[in-house]
Amino acid sequence: MLAEYNPPKVVHPSIRSLRPRSKSWIGSLFQNKPSKKLATQIPPNLPKGLYMYGDVGSGKTMLMDMFYDTLPPNITSKTRIHFHNFMQDVHHRLHVMKTEHGDDLDAILYVAADIAEKGSVLCFDEFQCTDVADAMILRRLLEALMTHGVVLVTTSNRHPDDLYKNGIQRQSFIPCINLLKTRLRVLNLDSHTDYRKIPRPPSGVYHHPLDRAAVSHAEKWFRFLGDPDNDPPHKAVQKVWGRDIEVPKASGQAAWFKFDELIGRATGAADYLELMRSYHAFIVTDVPGMSYRERDLARRFITFIDAVYESRAKLVLTSSVPLYQLFMSPDEVHSALDSGRAAGDVALAADGEDVDDVMRMMMDDLGLNMQMLKSSAIFSGDEERFAFSRALSRLSEMGSREWVERGLGLEHRGGKDEKDGWERARSRWREDSL
């Protein structure tokens, strides 16, 4: 058990030990003797980790956060990070190692030791594998972490057996699945209730259509979430891996973008994470409805929504369509409904039910939403369908008064103590996402 666990000291492999042995007889004469082989076995006293999976809003992340916050005092180092951010960091570390030491270096073992030094308990949120590059390194990386005595705790939307389903060279990923099932306890948290969507008082952060009132809506929230008296609105620049990200308007901890300025450009997860470290609130105006023709924009916007949610930041939107029409047009819903009803996955229409009724119901019942989307060709695979549903669920929660008021120090929400707690959570997120 963790309360009695004493993690072993992390021992870094030498750079020389990570290079391949020379195959030539002459080369072997001049090559130094290999350094003492490092231990490659998982410690017998390593506690089993946890793998919690379930649909959107089933409480996975909340349970993991509670676990992270209540670890026993003998666990002196720990890391909590979104899995997407973790893999991005791993690829960056591998790139740096190979740039400095050459492509023939087996850098995974060295990177694993670096990560193990940061925390003997590693908590992943949203474990998934959709990329062949991730699939090829995950088993060795996770096994190396366990060798250093790291306990893994993770959430996911699917059972380990369903990870990287239909992926390229999936057979090579099977050992990673077996490792997860052997070394982690797998818990199913599926629930018919999406706890994020339990009714809360709305805050009014979302506005449509794009009329004159939309402009005043954005300005009002920018003044409220920014600090125009002490930090007048100005342009700002953030740097990501040597590139500049322009912020058209910033004040205090708030940043204002037009949709095209943020999502319409070639931006990605690394850019959004850097913005989250610098700002606590985002006003995004002129958001369009995105059909299958704008699927790349939709994917990018969903990545941004996930970054805002994970960092506990505030989000204000003005859009041309209602929230429930952001990612699917009425025509696309018609098509998906017809396919779903033909397959028996979606109930037949009730008398007087129109497309708007169905789309509102999608926001209230993501179980039905997923059933409908399974019959639709609009999204390419289960991962994208899940990301779509999760985005709607998270937008719903971030639109609540409770979310917006959190961290502002409002007296009826706990005043200074509540604000200090929120600041600690934000600080921990920034620390773990580095």
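Trainee: Which strands does helix α6 lie across, and at what angle does α6 run to β5?

Mentor: In this predicted model, helix α6, residues 174–183, lies across β1 (49–53) and β5, and α6 runs at about 85 degrees to β5. An angle from 65 to 115 degrees counts as roughly perpendicular, and about 85 degrees falls inside that range, so α6 is roughly perpendicular to β5.

Trainee: What is the order of the strands in the open sheet, and in which sense do they pair?

Mentor: Five strands form the open sheet in the order β2-β3-β4-β1-β5, and the pairing is parallel.

Trainee: What makes β2 and β5 the edge strands?

Mentor: β2 (78–82) and β5 (184–188) each pair on one side only, and they are the edge strands for that reason. On average, neighbouring strands of this sheet are turned by 10 degrees against each other, with direction ignored.

Trainee: How do you know that β2 and β3 are paired?

Mentor: Pairing requires at least two bridges between two strands, and β2 has five bridges with strand β3, residues 121–125, in the parallel sense, so the two strands count as paired. As an example of one bridge, the partner of I81 in β3 is F124.

Trainee: Why are α4 and α5 called oblique to each other?

Mentor: Helix α4 (residues 107–118) and helix α5 (residues 132–147) pack at an angle of about 45 degrees, with their axes 9 Å apart. Angles under 35 degrees count as roughly parallel, and the roughly perpendicular range begins at 65; about 45 degrees belongs to neither, and α4 and α5 are therefore oblique to each other. Their crossing is right-handed.

Trainee: Which residues make the contact between α4 and α5, and how do they divide by class?

Mentor: From α4 come I108, L109, A112, I115 and A116, and they meet I137, R140, L141, A144 and L145 of α5. Sorted by class, the contact of α4 with α5 has nine nonpolar residues, no polar ones and one charged residue. Arg counts as charged, so R140 is the charged residue in that list.

Trainee: What makes α3 oblique to α4, when their angle is about 130 degrees?

Mentor: Helix α3, residues 83–101, packs against α4 at an angle of about 130 degrees, and the two axes are 10 Å apart. The roughly perpendicular range ends at 115 and roughly antiparallel begins over 145, so an angle of about 130 degrees makes α3 oblique to α4. The crossing in which α3 passes α4 is right-handed. On the α3 side the contact is made by F86, V90, R93, L94 and M97, and on the α4 side by A107, I108, Y110, V111, D114, I115 and K118. These residues divide into nine nonpolar, no polar and three charged.

Trainee: How do you know that strand β11 is largely enclosed by the rest of the structure?

Mentor: A residue counts as buried when its relative accessible area is under 20%, and six of the six residues of β11 (residues 314–319) are buried, so the strand is largely enclosed. Both faces are covered, since K314, V316 and T318 on one side are buried, as are L315, L317 and S319 on the other.

Trainee: Which strands pair with β11, and over how many bridges?

Mentor: Strand β6 (residues 206–207) pairs with β11 in the parallel sense over two bridges, and in β11 the bridge partner of H207 is T318. Strand β10 (residues 281–287) also pairs with β11 in the parallel sense, over five bridges, and A281 stands opposite K314 in β11.

Trainee: Why does Y164 count as buried, whereas D286 counts as partly exposed?

Mentor: The relative accessibility of Y164 is 5%, which is under the 20% limit, so Y164 counts as buried. D286 has 36%, which lies between 20% and 50%, so D286 counts as partly exposed. Y164 is in the loop between β4 (151–156) and α6, while D286 is in strand β10.

Trainee: What is noted about the backbone at Y164, at D286 and at P209?

Mentor: Most residues other than glycine have a negative phi, and most peptide bonds are trans. Y164, however, has a positive phi of about 55 degrees, and the phi of D286 is near 60 degrees, again a positive value in a residue other than glycine. The peptide bond from H208 to P209 is cis, with omega near 0 degrees, and P209 is found in the loop between β6 and α7 (212–225).

How values were computed
Residues numbered from 1 in each chain as written. Predicted model: local features only at pLDDT ≥ 70, side-chain atom pairs only at ≥ 80, totals over all residues. Heavy atoms only, no water. Helix = DSSP H or I, 4+ residues; strand = E, 2+ residues; numbered from the N terminus. Axes fitted to C-alpha atoms, helices over the stretch in contact; angles between N-to-C directions. Contact = heavy atoms within 4.5 Å. Left-handed = near helix turned anticlockwise from the far one by under 90°. Buried < 20%, exposed > 50% of the residue type's maximum accessible area, 1.4 Å probe, protein only.
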